[in-house]
Amino acid sequence: MDSNQKASGDGLAGTQKEAALRSLMQRTGYQLRQENGQRRYGGPPPGWDGPPPERGSEIFVGKLPRDLFEDELVPLCEKFGKIYEVRMMMDFNGNNRGYAFVTFSNKQEARAAMKQLNNYEIRNGRLLGVCASVDNCRLFVGGIPKTKKREEILSEMKKVTDGVVDVIVYPSAADKSKNRGFAFVEYESHRAAAMARRKLLPGRIQLWGHAIAVDWAEPEVEVDEDTMATVKILYVRNLMLQTTEETIEKEFNSLKPGAVERVKKIRDYAFVHFTQREDAINAMKALDGKMVDGSPIEVTLAKPVDKDSYVRYTRGTGGRGGSLLQTDYTSYTLGQVSYSRMSCDTMFDQQEVLEELCQKNNWGQPVYQLHSAIGPDQRQLFLYKITIPALATQYPNVHPFTPAKLCAGVEEAKIHAAEHTLQTLGVQTEGATDASCATAAAVAAVAFPGM
């Protein structure tokens, strides 16, 4: 194929900065092609032999000026390593959509670029926002009967979707013989997960005769090896509700008395702080899987996250654009620990009331979706939308339940969303402890008058 044929087939004719983009292609030998709302540079690059780069080699580059393109972005990123691919999200007017994904040849180069380019002044007064990108292969599936075991869920998911690798199921905090009404389903690739998500959309498929809800799972927090090498706090899950901090401290001190500095238990999980990292590692190896008050506990190193600066983006559907997900994990900096995950009793009260209501009426597990916006004072604000599978299928025009208020914190937003949904459904939230006060008929009459 000659150069004229290539030029006519790459979709660049008449685009902004066409001459500069063609000059870039001539210099590097990479190809540019337009597809599905994005423009791909490379992927693979010229002479690449072998599989794509390892997971963790891609970064998200946000806050791009809308008239900035590959001719400016590529030379900037080339300073940190070999570029495998750049995917720039494009709108119908030929501008970029404010963000791009850049994949390097390995994760070390990606990490270096991320550190150097975050808050980099790309133009006068315009700072880039750069963080790790996650090629998400995991779906959240809600509305699963709580009596189903992992093997049953895995078998069912393999029947209705392709490419299933694993299913992660967590036991109920109150009854370890039951699941929590949801599962995380891991697929062999992002494409397989995206196809499964499309197939499982509400109203299309039921599992065991139950309505289900499906969405992208929030990616696991990835922390660099250097940071993890300093961690001396253990995350302990699958505890019984009645297990006390004293019991946990006694178990983890059993290997070396006095090794534990303190314990913080929140519902059915806890954080165990050690004075020395070596003692934490030894305790993790020895106690992972041990029965404590009749429940096998899971013990891992806690993952530290700087909540002020750590924001995750994950590939979505279609053009795989970035959807903002603020992490919900414990965060600590310079040894100061704040327990941010599920630390408010009120949150549990409202969520449990809503969950019980949905279970009673066979509506499927409520699904929470986090959204984020920047306020007038440049603070990040949060809002949760809640989808109830059975109601979403019957009344799509009123779903998801969306509160009008943006909140300053993730936890506050979740509380407010649960309260808003319960109030919309006609359930009193103040002091509410039992969802049995609302029957399906009463709820429908309040939420959907005139039906």
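The following paragraphs describe the nonpolar core, the helix packing, the sheets and some local backbone features of a predicted model.

Residues are numbered from 1 along each chain as its sequence is written, and side-chain values rest on heavy atoms, with hydrogens and water left out. As the model is predicted, local features need pLDDT of at least 70 and side-chain atom pairs count only at pLDDT 80 or more, while totals for chains, interfaces and linings use all residues.

A good place to begin is the interior. The largest nonpolar core (a set of buried Ala, Val, Leu, Ile, Met, Phe, Trp, Tyr and Cys residues joined through side-chain atoms within 4.5 Å) holds 29 residues. Buried here stands for under 20% relative accessible area, exposed for over 50%, and partly exposed for values in between, with a 1.4 Å probe and protein chains only. Y41, I59, V61, L73, I83, V102 and F104 have the most contacts inside this core. At least two core residues come from each of α2 (18-28), β3 (58-62), α3 (70-78), β4 (83-90), β5 (96-104) and α4 (107-117); helices (H or I, at least four residues) and strands (E, at least two) are DSSP runs numbered from the N terminus. In soluble globular proteins, nonpolar side chains tend to be buried together. With neighbours within four places in sequence set aside, V102 is in contact (heavy atoms within 4.5 Å) with S57, E58, I59, V61, L73, C77, E85 and V86.

Two of the helices that supply this core, α2 and α3, pack with their axes 9 Å apart and at an angle of about 35°. Axes are lines fitted to C-alpha atoms, for helices over the stretch in contact, and angles run from 0 to 180 degrees between N-to-C directions. On the α2 side the contact involves A20, L21, L24, R27 and T28, and on the α3 side E70, D71, V74, P75 and E78.

Turning to the strands, β1 (residues 32-35) and β2 run antiparallel and are joined by four bridges; two strands pair if DSSP finds at least two bridges between them. L32 stands opposite Y41 in β2, and Y41 is also among the core residues with the most contacts. The hairpin of β1 and β2 has two residues between the strands, and N36 takes a positive phi near 50° there. The loop between β2 (38-42) and β3 contains P44, which is joined to G43 by a cis peptide bond with omega of about 5°.

A further sheet is open and has four strands in the order β16-β17-β15-β20, with antiparallel pairing. Its edge strands, β16 (260-266) and β20 (298-301), each pair on one side only. On average, neighbouring strands of this sheet are turned by 20° against each other, direction ignored. Six bridges link β16 to β17 (residues 269-274), and K264 faces F271 of β17 across this pairing. Helix α8 (residues 245-253) lies across β15 (233-237), β16, β17 and β20, at about 140° to β16. Helix α9 (residues 277-287) lies across β15, β17 and β20, at about 150° to β20.

Two loop residues that are not glycines also have positive phi. N119, in the loop between α4 and β6 (121-123), has a phi of about 70°. D293, in the loop between β18 (291-292) and β19 (295-296), has a phi of about 55° and is partly exposed at 41% relative accessibility.

Finally, with a disulfide taken as a pair of cysteine sulfur atoms within 2.5 Å, the count is zero. C137 is buried at 9% relative accessible area, and C407 is buried at 1%.
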